[in-house]
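Me: I'd like to go through this model and ask, label by label, what earns each one. Here it is.

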Amino acid sequence: MKKYIKIFLLIFLLGSGYNVKAQPQFITAGKIEFEKRTNQHSLLEDESMWDEMMKKNLPKFAVTYFDLYFNEEKSLYKTGRDPDNRMIHWGLSYISNTVYKDLKNETFVNQKNIFGSDFLISDSIQKIDWKITNEPRTIAGFECRKAVGRIFDSIVVIAFYTDEILPSSGPESFGGLPGMILGLAIPRMHTTWYATKLEVREITTKEAAVPKEGKKFNEKQFRVEMQDILKERDWLKKMQWQMLI
C-alpha cells in the first residue's frame, strides 16, 4: 500500500506542475569566452601634454576578448574575437598571451609575444594560497564563490569560481580552485576578466594544441629576463604585470 501511495503522490506532483528541481549537471569540457577590461588611462598618469591628449582620444577601458578551451585533462587560453573598439593603448596592443595548462600533471606552457619577440615559458603551475569566502556572484548564469589570493608576494588577485564546471582552470595562468574561474580582478593592474558565455562541447586537438614557438625559459629565468628588459626600457614598467602573469 505504501508503494502505491508514493507512486500516486509523484504522479500528482508532476501533473499539477509542481517544480521538481533537476539534479545539477556538472560540465567537464567546452569553450568559455572572457571579456578583459583594462583601465588604460591608468597607464597615462604623467601630467604631460602627451598623456592628457591620449586620455582625450582613448576610451577609458580597453576591451578585448579571449577564449578558454578546456576538458578535464588540459586547457588553452588564447586571443579570441576582435574587439568592437580598436582604440587601445599601444603598450597593451603589443603584449599577447597564450597559456596551455596540463591539468593532470600540473604544468603549463606560456607563449608570450612582447613587442614582437616570442617567449616560451614552461614550468609547474603556480600554487596560490587562495582564501575562499562565502560571498556569491552570478557570472554567465553560474553561481560563483569569491576567493582571494596573492601573486609575486604582494599583488592581490580576486577570483570568482563555480564548482559546476569541474576542471580547475581559468583565464591567463590562473587556476587552483575547486572549479572553473569565471571572474577575475587584479586591482594593481586595473584589469578584470569575466566570462560572457559558455559553449558546452568536446574540444579538438587543434583547439588545445601546445604552443611551441619562442625563446625557451622556465618561470624564474623569464622573470630575470624581464627585469633586464625593464632596466633598459624604463617606460615599460607600467606594463610589467601584464607581461608577467
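Me: Before the salt bridges, what counts as a helix here?

Reply: A helix is a DSSP run of H or I with at least four residues, and the numbering goes from the N terminus. Keep in mind that this is a predicted model.

Me: Good. Then what makes Glu219 and Arg223 a pair separated by about one helical turn?

Reply: They are four residues apart in helix H4, so about one helical turn separates them.

Me: And why is the contact between their side chains called a salt bridge?

Reply: The cut-off is 4 Å between a side-chain nitrogen of Lys or Arg and a carboxyl oxygen of Asp or Glu. For Glu219 and Arg223 the N to O distance is 3.4 Å, so the label fits.

Me: Is Glu219 buried or exposed, and how do you know?

Reply: Buried means under 20% relative accessible area. Glu219 has 19%, so it is buried. Its partner Arg223 has 35% and is therefore partly exposed.

Me: How many salt bridges are there in the structure?

Reply: Nine. One of them joins Glu33 and Arg81, at 2.7 Å from N to O.

Me: What makes the Glu33 and Arg81 pair a link between distant parts of the chain?

Reply: The two are 48 residues apart, with Glu33 in strand S1 and Arg81 in the loop between strand S3 (74-79) and H3. Glu33 has 6% relative accessibility, so it counts as buried. Arg81, at 39%, is partly exposed.

Me: What else touches Glu33?

Reply: Asp67 does. Asp67 lies in strand S2, and its other contacts include Lys31, Ile32, Leu76, Tyr77, Lys78 and Gly80, leaving aside residues up to four places away in sequence.

Me: Why is Asp67 called buried?

Reply: Its relative accessibility is 10%, and buried means under 20%, so the word applies.

Me: Which residues are linked in a network of salt bridges?

Reply: Glu199, Arg201 and Glu207. Within that network, the side chains of Arg201 and Glu199 meet at 2.9 Å, N to O.

Me: What makes Arg201 partly exposed and not buried?

Reply: Partly exposed runs between the 20% and 50% cut-offs. Arg201 comes out at 23%, so it counts as partly exposed. Glu199 is partly exposed too, with 39%.

Me: On to empty space. How do you find out where it is?

Reply: You roll a probe the size of a water molecule over the atoms, and that shows where space is left.

Me: What makes a space a cavity and not a pocket?

Reply: In a cavity the 1.4 Å probe fits but cannot get out, whereas a pocket is open. The structure holds one cavity of 30 Å³ or more, with a volume of about 160 Å³.

Me: Which residues lie nearest the centre of that cavity?

Reply: Phe108, Asn110, Glu219, Leu244 and Ile245, out of 13 that line it. Strand S5 (107-114) and helix H4 (219-232) each supply at least two lining residues. By class, the lining has seven nonpolar, three polar and three charged residues.

Me: And what is the volume of the largest pocket?

Reply: About 460 Å³. It is lined by 21 residues, and Thr64, Phe66, Leu92, Ser93 and Ile95 are the closest to its centre. Strand S2 gives the most to that lining, with four residues. The classes come to eight nonpolar, eight polar and five charged.

Me: What makes the phi of Ala140 worth a look?

Reply: It is near 50°, a positive value in a residue other than glycine. Ala140 is found in the loop between strand S7 (131-139) and strand S8 (142-151). At 36% relative accessibility, it counts as partly exposed.

Me: Which way does Glu172 go, buried or exposed?

Reply: Buried, because its relative accessibility is 2%. Glu172 also has a positive phi, about 55°, although it is not a glycine. Its place is the loop between strand S9 (155-162) and strand S10 (180-186).

Me: Last one: what is the predictor's confidence in the chain?

Reply: The average pLDDT is 87, and 87% of the residues score at least 70. Over residues 2-23, though, the pLDDT is below 50, and this stretch has two contacts in the model beyond near neighbours in sequence.

Key. Residues are numbered from 1 along each chain as its sequence is written. This is a predicted model: local features need pLDDT of at least 70, side-chain atom pairs count only at pLDDT 80 or more; totals for chains, interfaces and linings use all residues. Side-chain values use heavy atoms; hydrogens and water are left out. On a 1 Å grid over the protein atoms alone, a cavity is a set of points where a 1.4 Å probe fits but cannot get out, and a pocket is an open set with protein on both sides within 12 Å along at least five of seven lines; lining residues have an atom within 4 Å of a point. Grid points are joined across faces, edges and corners, and a volume is the space filled by probe spheres set on the points. Ala, Val, Leu, Ile, Met, Phe, Trp, Tyr, Cys and Pro count as nonpolar, Asp, Glu, Lys and Arg as charged, and the others, Gly among them, as polar. Buried means under 20% relative accessible area, exposed over 50%, partly exposed in between (1.4 Å probe, protein chains only). pLDDT is the predictor's confidence in each residue, from 0 to 100. Contact means heavy atoms within 4.5 Å.
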